[in-house]
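Hi everyone, thanks for making time this morning. I'd like to walk you through one structure, so please have the viewer open and follow along.

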Amino acid sequence: MLTVGSLSRAELTARLSGDGLVLRTGPFTNRIRSDVPPLIDSVALMYADYPVEPAGGFVDFHLELRRSGGLRRWYRSQVHFAYDGTTPFEPLPLAQAYPMLEWTMNWCVSHRAHGYLIIHAAVLEKHGRAIILPAPPGSGKSTLTAALLGHGWRLLSDEMTLVHLDDGVLVPLPRPVSLKNTSIDIIRAFRPDAVLSRPVEETTKGTIAHLKAPAGSIARAFEPARPACIVFPRWEAGAAIALDPLPKARAFMQVADNCFNYQVLGARGFTALGRLIDASDAYTFRYSSLPEAMALFERLAQGAA
Amino acid sequence: MMPLLIRVLRDPGIVQGLDDAGWDLLLRQADAANLDACLLVLLEDAGLLDTVPAAPRAHLEWTRVGAAGHAQAARYEVRQIGRALDGLGLPLILLKGAAYAMAGLDAGRGRLFSDIDILVPKGRLPEVEAALMMHGWITTHHDAYDQRYYREWMHELPPMQHARRANSIDVHHAILPETAPVRPDPVKLRASARPIAGEPHLATLSPADMVLHSAVHLFFDGEFDKGLRDLVDLHRLLTQFGKEPGFWEALPARARELELGRPLFYALRYCPRLLGTVVPPAVQAAVAPEGPNAALLWLMDRLFGRALLPLHASCADAFSDAAHFALYVRGNWLRMPPLLLARHLFHKAFLSGKNDTQTA
């Protein structure tokens, strides 16, 4: 199988600046075109283990990130995103090209892939039990995810939980984990083996760095998982660890609030979410220490919380 | 050769010969033209959906879900507008996409629309606006010049948006601006409006007027980003209404009565040319005198021949941008007399906020 890592740097650059690099991420193919060197660097590093598909076939999403032309090429250069010729977003400073690629890849899925109920949540699996971590930004969801990936958990997704509308299974979309601000140093300290992209400062979300997804998770991207738990995490300085059951009805409403396309799906979304809630134990989770959290998640994976 | 999407719109059966690259191109053109849900309906009606390969089929199914959600939201919104205007003693006359959808016309199947357009008498605008405001719709253009642009010169209020649901409504009192050289009489349009069966307070324009409004909206406007979508509307309206007795016979005379002979001429020229619409020869002969002179027609064929294609890189040639620009200038020219237009463009270029995205 051809992967990004098996392409030479020249070949990768040629594809990205030519007909496009067709990257497979979970169930989707993305045709990416770009002439921005820092973006090419990050793709080479973060996507080394991902399959590359031949160009010229059917592709799910067509993305293009180009450097500004004219005077802007030399002064405060920007990166412009186009979805197959349309430009839904304002340009960003050139240094943010790679985070912009990640955001726009997410946007393609959340705005189009209505074959899934899409929850704004991380989802990880161990011993056949998948745990969904829905959470608003700032709750420490990505930090927790990044830490768990060093403890034998499989990454299904850091950002989007895909619940298949037909059978309710969780479809993996393993992609790099987005770490913000202080989490970057926390994960560097907690997981010295972690591969991180170069931090990008002054984005709308502060400083961003991406953690490479584990090769094992990428290799198992075709293997769906069964939902076992829904855990709403919350990091709080100095807090004692606490895992409290959440009534199903409240869990339903809170997950609905964290969906990208619950409204669009109408009755099918309601049914899919109902089935997910029925199949899962729901908890709120407060923690301050990552090692304690690791131990507790190990018990959840064993089915004994 | 015509773009793939247009060939499929004319003859859906050709999808059976498509390879993966062909499906990729077809869905991208349909997406760019805002016709993806329409393509789904077309393939389904032709019994071809099960022949579609898995990956493009998944996209079509995603489109189905998105379109169904959209249709449900639109129906809900129309009911809310009906409730807001209940008590004013006005029939709720829907225009364009909302009318096609609520009346269950072929043109409404798989046709998405972002705004709901309604037609009310000019003298009742203050009451209508007040009633909508009481029910949560607020005006979107706060710039004093934009407010004046709409209220003095245009044929509609500044678009109103619902504070919570963010859906937009355009309240029209006519189908062309006050400042345009032709003025189809709104009284005649309202007088011919027809109630929608099973929807007591809702109405549409008459079939002929729906066609004429669709034609003037497409051929007198300056923006062609949805040009092909609007042409498909016309094709489907003409094809469905063409089966009703008396429709074709009355259409040219009604166009003359409403001063809309020219847009009807263009509709009956480009629908058959691009989409294969069947128009009786007698009707073509009746609208022939409404067309432009030969030199202008030669030019318009070249401009519309480009602007009516999907707005996608695969359909563009060296003159596409120039054609879109020329039609943009023409569209403004057809809305305002020259001095007013010059003043308007000057204001938009130099005086309006540079980052004001709500350009009128």
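Let's start with a pair of helices in chain A, α1 and α2. This is a predicted model, so do keep that in mind as we go. How are α1(A) and α2(A) oriented to each other? Helix α1 of chain A covers residues 9-17 and helix α2 of chain A covers residues 37-46, and the two pack at an angle of about 120 degrees. Anything from 65 to 115 degrees would count as roughly perpendicular, and anything over 145 as roughly antiparallel. The angle of about 120 degrees falls in neither range, so α1(A) and α2(A) are oblique to each other. Their axes are 11 Å apart, and the crossing is right-handed.

Which residues make that contact? From α1(A) we have A:Arg9, A:Leu12, A:Thr13 and A:Leu16. On the other side, α2(A) brings A:Pro37, A:Ile40, A:Asp41 and A:Ala44. If you colour them by type, you get five nonpolar residues, two charged and one polar.

Now let's zoom out to chain A as a whole. Its secondary structure comes to 10 helices and 17 strands. For the 305 residues of chain A, the globule rule gives a radius of gyration of 19 Å, and the computed value is close to that, at 19 Å, so the chain is as compact as a globular protein of that length. Along the principal axes, the C-alpha atoms fill a box of roughly 55 × 40 × 35 Å. Of the 305 residues in chain A, 56% are buried. And for those of you who like contact maps: take the contacts between residues at least 6 apart in sequence, and 72% of them join residues at least 24 apart.

Here is one pair that you can look up yourselves. A:Tyr283 sits in strand β17 of chain A, which spans residues 281-287. Is A:Tyr283 buried or exposed? Its relative accessible area is 12%, and the cut-off for buried is under 20%, so A:Tyr283 is buried. Its C-alpha atom is 6.3 Å from that of A:Phe232, although these two residues are 51 apart along the chain.

One last stop, over in chain B. B:Ser320 belongs to helix α15 of chain B, residues 320-333. With a relative accessibility of 8%, B:Ser320 also counts as buried. What does B:Ser320 touch? Leaving aside residues up to four places away in sequence, B:Ser320 touches B:Arg306 and B:Cys315.

That's my tour, and I'm happy to take questions.

Terms used
Residues are numbered from 1 along each chain as its sequence is written. Chains are lettered from A and ligands numbered from 1 in the order in which they are written. This is a predicted model: local features need pLDDT of at least 70, side-chain atom pairs count only at pLDDT 80 or more; totals for chains, interfaces and linings use all residues. Side-chain values use heavy atoms; hydrogens and water are left out. Axes are lines fitted to C-alpha atoms, for helices over the stretch in contact, and angles run from 0 to 180 degrees between N-to-C directions. Helices (H or I, at least four residues) and strands (E, at least two) are DSSP runs, numbered from the N terminus. Angles under 35 degrees count as roughly parallel, over 145 as roughly antiparallel, 65 to 115 as roughly perpendicular and the rest as oblique. A crossing is left-handed if the near helix is turned anticlockwise from the far one by less than a right angle, and right-handed if clockwise. Contact means heavy atoms within 4.5 Å. Ala, Val, Leu, Ile, Met, Phe, Trp, Tyr, Cys and Pro count as nonpolar, Asp, Glu, Lys and Arg as charged, and the others, Gly among them, as polar. The radius of gyration is taken over C-alpha atoms; the globule rule is 2.2 Å times the number of residues to the power 0.38. Buried means under 20% relative accessible area, exposed over 50%, partly exposed in between (1.4 Å probe, protein chains only).
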